[in-house]
Amino acid sequence: MRVLMLNNEFPPLGGGQGVFNELLLCVLAANHPEISIDLVTSSRAAEGYSRELFASNIQIYRVPVNNLDLHHARGIELLRYAARALRTSVRLAKEQRYDLCMAYSAVPAGPVALYLKKLFGIPYITRSPGVDIPGFEARYKFLYPILSPIIRRVWRGAEKNIVSSEMHAKLMIAADPSSNPVVIPNGVDTELFHPPPERNNAISVILCVARLVKRKGVHVLLQAFAKLHTDGVDARLVIVGTGDEEENLKALADKLKISAQVDFRGVVARDEMPELYRNADIFVLPSENEGMSNAALEALASGLPLVLTDVGGAAELIAQGENGLVVPRGEVEKLTVALRKLLSDLTLRCSMGIRSRKLSEQFSAQRMVDRYIQLINISVLDQSLREGFDA
């Protein structure tokens, strides 16, 4: 079977969507040599197309997009990707037959997949990161009315539309009742991410891994942490990630007089992340909106108690009070109470961490890939049956 993948994000570009795609390819390369994959993604180059061998059965084609920001694409860069990915994909489709196309997000990859279906009859599935679902992110509220007709057209042309959480499925159905989403939770490499033999930090470490944009709610975390500091709670806060809000968040830490206790790490290399989780005591992600967070899954597999807001995949990742705590989004006081509870009770943190690790087994990368392969096989079979009936 040959699959064409379209994703404007792939390491080192982008965020969770690219990390997910890389994990999927790693498992497929190791365990499914019968599936050949061509991925068309972005490069930061201003010009020049490139091809690289990811594995014996996987090739990556990078089109020049000239991204100014490593972690966030502007509208013009998304359009540039769509145009150049279409040109590359058409060339590839003329050279070989694809059984299926997988588009990461309804925009910008979706319209490319839709056009390939019209031109070559290639069936496609979509996989939504969340931001492409109308209503997901407040900062795009003016764009959604413009993009919604395109997004719905892409969804309706797909064999299946995949989301990572039940909350995403509800948002998709609200945007288009005929979208018929399929929920496949994200996965995590439970061998790479695992707990340490013991956690013995002299001062408790709170870890937050997130793109530094308003939607991630890191400003709420800083305010909660400041309250703890004022109350004499001895802890450190490590924040991993960069983004548009980085300087504002550092200024807020200065204003709250907690800069000495907050470590803004910026970008941390992927191979250094497992150790970072193992050196932490609590994981926090105070997002205003979220899908199935890769960082939360990595924390889960690393045996950390989780504190998440009541959005996205929180309900799937936390059994309330057993392996973590779910708090209302945007509420500083509730987040402060949750953190104080965990920081003051080592026994509770340890028991929650054990439960987190156990729960992570349900989200193993192989289990996730098995569900994707099943869906891909069904989609290809459905298309073949339709072609047979048409004949």
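Here are some notes on the cores, one amphipathic-looking helix face, a surface patch and the salt bridges of this predicted model.

1. **The main core.** A good place to start is the largest nonpolar core, which has 63 residues. Within this core, Y277, F283 and L339 have the most contacts. Helix α6, spanning residues 218–230, supplies the largest share, with 8 residues. As general background, nonpolar side chains in soluble globular proteins tend to be buried together.

2. **F283 up close.** If you centre your viewer on F283, you can trace its contacts beyond the neighbours within four places in sequence. They include L207, C208 and V209, and also Y277, another of the residues with the most contacts inside the core. A295, A296 and A299 touch F283 as well, and so do L304, P305, L306, V307 and L308.

3. **V220 in helix α6.** V220 belongs to helix α6. Is V220 buried or exposed? Its relative accessibility is 7%, so V220 counts as buried. Leaving out neighbours within four places in sequence, V220 is in contact with G330, E331, V332 and L335. Of these, V332 and L335 fall in helix α11, which covers residues 332–343. V220 and L308 are 88 residues apart in sequence, and their C-alpha atoms are 12 Å apart in space.

4. **The second core.** Separate from the main core there is a second one, with 33 residues. Its members include V40, L114, L116 and M172. V40 lies within the span of strand β2 (residues 36–43), L114 and L116 within that of helix α3 (residues 109–120), and M172 within that of helix α5 (residues 166–175).

5. **Helix α5 and its two faces.** The buried residues of α5 are H168, A169, M172 and A175. Why do they line one face of the helix? Viewed down the axis of α5, they fall within an arc of 125°, so they sit along one face. In general, an α-helix has 3.6 residues a turn, so residues three or four places apart point the same way. The face turned away from the buried side carries K170 and A174, which are exposed. The cover over the buried residues of α5 includes α4 (144–157), β7 (160–163) and β8 (181–183).

6. **I122, just after α3.** I122 sits in the loop between α3 and β6 (124–127). With a relative accessible area of 4%, I122 is buried. Residues up to four places away in sequence aside, I122 touches A93, Y98, L100, C101, L116 and K117. One of these, L116, is also a member of the second core. For a sense of scale, I122 and A226 are 54 Å apart, C-alpha to C-alpha, and 104 residues apart in sequence.

7. **A nonpolar patch on the surface.** Y115, L119 and F120 make a nonpolar surface patch of about 270 Å². L119 is part of helix α3 and is partly exposed, at a relative accessible area of 43%.

8. **Salt bridges between separate elements.** The structure holds 17 salt bridges. One of them pairs R2 with D38, with the closest N and O atoms 3.2 Å apart. R2 is in strand β1 (residues 2–6) and D38 in strand β2, so this pair ties together parts that are 36 residues apart in sequence. The accessibility of the partners is worth a look: R2 is partly exposed at 23%, whereas D38 is buried at 1%. Another bridge joins E333 and K227, the closest N and O atoms being 3.9 Å apart. E333 comes from helix α11 and K227 from helix α6, so the pair ties together parts that are 106 residues apart in sequence. Here E333 is partly exposed at 45%, and K227 is partly exposed at 38%.

9. **Further charge pairs.** K358 and E361 meet through their side chains in a salt bridge with an N to O distance of 3.6 Å. K358 is exposed, with a relative accessible area of 55%, while E361 is partly exposed at 43%. Elsewhere, R236, D263 and R265 form one network through salt bridges that share partners. As a general point, side chains of opposite charge can pair when their charged atoms come close.

Terms used. Residues numbered from 1 in each chain as written. Predicted model: local features only at pLDDT ≥ 70, side-chain atom pairs only at ≥ 80, totals over all residues. Heavy atoms only, no water. Core = buried A, V, L, I, M, F, W, Y, C linked by side-chain atoms within 4.5 Å. Buried < 20%, exposed > 50% of the residue type's maximum accessible area, 1.4 Å probe, protein only. Helix = DSSP H or I, 4+ residues; strand = E, 2+ residues; numbered from the N terminus. Contact = heavy atoms within 4.5 Å. Patch = residues over 30% accessible without salt bridge, like charges linked within 9 Å, V, L, I, M, F, W, Y side chains within 5 Å. Areas by Shrake-Rupley, 256 points an atom, 1.4 Å probe, with all protein chains shown as cover. Salt bridge = Lys/Arg side-chain N within 4 Å of Asp/Glu carboxyl O. Arc of directions from axis to C-beta.
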